[in-house]
Amino acid sequence: MAGDTSAQLDLADRQALPRVATHCPYCALQCGMLLERDGGGWRVAARDFPTNKGGLCRKGWTAAALLSAPDRLTTPLLRERHGMHLRPASWDEALDRIVAGIRQIQARHGKNAIGVFGGGGLTNEKAYLLGKFARVALGTANIDYNGRFCMASAAAAGLAAFGLDRGLPFPLADIPGAEVILMPGGNPAETMPPIMQYFEAQKARGGKLIVADPRRTPTARAADLHLQLTPGTHAALANGLLHVAIRDRLIDTVFIATRTTGFSAVQHICKSYWPERVERITGVPEAQIVRAARMLGEAATAMVLTARGAEQQRNGTQNVLAYINLLLALGRAGKPHCGYGCLTGQGNGQGGREHGQKSDQLPGYRKLENPADRDHVAGVWGVAADSLPNPGLTACELMSALGGPVRGLLVFASNLLVSAPDADSVAGGFGGLDLLVVADMFLSETAARADVVLPIAQWAEEDGTMTNLEGRVLRRRRAMAPPKGVWTDLEVMNALASRLGSTAAFATEPDDAFGELRRASAGGAADYAGITYDRIDAEDGVFWPCPAGDHPGTKRLFLDRFATPDGRARFHRVEFHGAAETPDATFPYILTTGRVLSHYQTGVQTRRVPELAAAEPGGFVELHADTARGLGIAAGDLVRLTTRRGTIDLPARISREIRMDTLFVPFHWGGRARANLLTNAALDPTSRIPEFKACAVHVKRAAAATSPRPATRQEVT
Ligand code: SF4
């Protein structure tokens, strides 16, 4: 089952180039790096690219280890019906099995009985063709992707307020020019460390950083003001900040009158969010609320940058809109060194949400519900517009439908059994499927449950484009051929489409796919028509929208007008509603989840890098020293966490950096210690993001520490 390591390391066989300028395989900063041959393997070297300026985090520096991971998949795997084991198979056998399964399911249950699940790590070319594959070759409405777990609330809020969603509407280089930055729920010092150079430069120019987070993270420690709020209370905090800004006459009435609509209703709502009340809701002292509002209101330039802490909640869209309300009222949007942005997480979280793998979307941010959009894309695809399905199920709804109306699932670049909330119910859904297909580089937790596993190329083995958190379209370059037996995702889609009898074209070369994507996106909000591989090379990336070859690309959005029909930004009425679950006598604490420095997403890649695995070998629960003392828990003890979904045991990390009512569990590991066995699949009504950041939990000591372990820098024992 494991890969043929000697074949992987045979550079001659794999036509490896001596040195290739590319980008990191992980997060949305998409740091530039050099991949160099190093004896029998490869190494990463620094590259002076405009985003990271030579900086990389430990994940990036060690990424070359992925290319020689000993358990790389190099042959398809098949499970005999209801069998316990996967066995190696030929590509023909695997593809025939998939196509027979799809045909059988669709004949009995209809086209929509097949679901497709994509990922925010797929290149633009793959994300684009996956949407086309689902809607044209399979004819199913049911395609969505794991970005629904990640940036969906920020995207929905940006679209509602500004008429357009792009993670940052300005380049990173603008950050140092902001006098004050408010960062609700972000910890880039651990998730994307090289970005901190921009905040350090801002600080060196006299700028201030305010972080709102239940934990005193490394980012919060670097801030001038840390608002340590209760998980799930961002909307109340934002409304409280706006209350003070209005009360203290810090708002920009000219900007409100000339560039926005809807302020009066928001002003009315915020009257009831006086600071004492907001302190009671959020736990943030009144004096800090007033200080933060004045810091923002008295600054000539200001930004709000949200991240998952504020977004991954059942009110995530409303939380973000409340922060946007604040920024609009202060008149700090649509101007240089001002604006709202989202610190996008996944490597292609931006591009992945633009080109058609979302349940309601067509390429270029076009909408399936819009007849003109359907006509345009159907024309590019050479199919009838009325043959395109309508919008389908979103990610969590798709998980709930597994084994019910959805009988088969094709998964690309996603590890649902670790990433989805209430993971045991997803596993139950898998059990009811007639066909589960997973395309992956490694036997992830999800692939291990599949009926068919397809070994696919990774990162440095294929070309493609990624769109980073700035909206900058980048080239990911092929440094070597994939190992023998491994196909690219594009080849897989082409082969399946052909076997399914589709007459539409499915390009196998990334530049052909990109050419088609450019035509499909032309005239859309995310217009890539003027972007070519050559331009990306020559210009260190091109910012969308870029509608023509002679267009310079758009580094800064909204300076003259917002992307709404009347050019004005929209205020939105936001009331605080809180998390779906709050502590009670049975579940008296709040559980929040997140990331650590050494791992990326569900750890399928980073857990295979020896240096990263050694740095953080497994999950843990962080809890406050006083909370731990009250519960009789010492550092390293096994702690039993129980929510309404499940129970897990994890070793304790004791800290004074977290609220006493809150526990933190990172989500990068599989097995029975998965954080997402506990999390709540309550969905935001707009973005359909699940509530990863807050649920009620019962905590008790399960067992004493079995072996002494060194304290980490976070521990205060
Ligand atoms: Fe840069 Fe993110 Fe890669 Fe770290 S993980 S090197 S921050 S792209």
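Contact means heavy atoms within 4.5 Å. Helices (H or I, at least four residues) and strands (E, at least two) are DSSP runs, numbered from the N terminus. This is a predicted model: local features need pLDDT of at least 70, side-chain atom pairs pLDDT 80 or more, while totals for chains, interfaces and linings use all residues. Residues are numbered from 1 along each chain, and side-chain values use heavy atoms, without hydrogens or water.

Q: Why is α5 largely enclosed by the rest of the structure?
A: Take buried as under 20% relative accessible area (exposed is over 50%, partly exposed in between; 1.4 Å probe, protein chains only). The residues of α5 that meet this are A152, S153, A154, A155, A156, A157, G158, A161 and F162. So α5 is largely enclosed because its buried residues number nine of the eleven.

Q: Which elements do the buried residues of α5 pack against?
A: Start with the buried stretch of α5, which includes A152, S153 and A154. The helices in its packing are α14 and α15 (316–329). Strands join in too, and they are β13 (339–342) and β22 (569–570).

Q: What residue follows α5, and what is its phi near?
A: Step off the end of α5 and you land on G163. Its phi is positive, near 85°.

Q: Is E311 buried or exposed?
A: E311 sits in helix α14, one of the elements that the buried residues of α5 pack against. Its relative accessibility is 0%, so E311 counts as buried.

Q: Which side chain makes a polar contact with the side chain of E311?
A: Leave aside neighbours within four places in sequence, and E311 still touches a good list, including C150, S153, A154, Y340 and I689. T306 is on that list as well. A polar contact needs N or O atoms within 3.5 Å, one able to donate a hydrogen and the other to accept it (for residues adjacent in sequence, both must be side-chain atoms). At 2.7 Å, the partner of the E311 side chain is T306.

Q: What distance separates the C-alpha atoms of E311 and E691?
A: Along the chain, E311 and E691 are 380 residues apart. In space, their C-alpha atoms are separated by 8.6 Å.

Q: Which element supplies the largest share of the lining of the largest pocket?
A: On a 1 Å grid over the protein atoms alone, a pocket is an open set of points with protein on both sides within 12 Å along at least five of seven lines, a cavity is a set where a 1.4 Å probe fits but cannot get out, and lining residues have an atom within 4 Å of a point. The largest pocket holds about 450 Å³, and of its 25 lining residues the closest to the centre are L159, K358, D360, Y365 and K367. Both α5 (152–162) and β15 (366–367) give at least two lining residues. The largest share, five residues, comes from α5.

Q: How much space lies in the largest cavity?
A: The whole structure has six cavities of 30 Å³ or more. Some 38 residues line the largest one, with G121, Q346, A413, Y600 and Q605 nearest its centre. Volume here is the space filled by probe spheres set on grid points, joined across faces, edges and corners. For the largest cavity that comes to about 650 Å³.

Q: Which residues are closest to the centre of the second largest cavity?
A: This cavity has a volume of about 470 Å³. α6 (188–191), α14 (308–311) and β23 (589–594) each supply at least two residues of its lining. Out of 34 lining residues, the closest to its centre are G185, N187, T191, R595 and K693.
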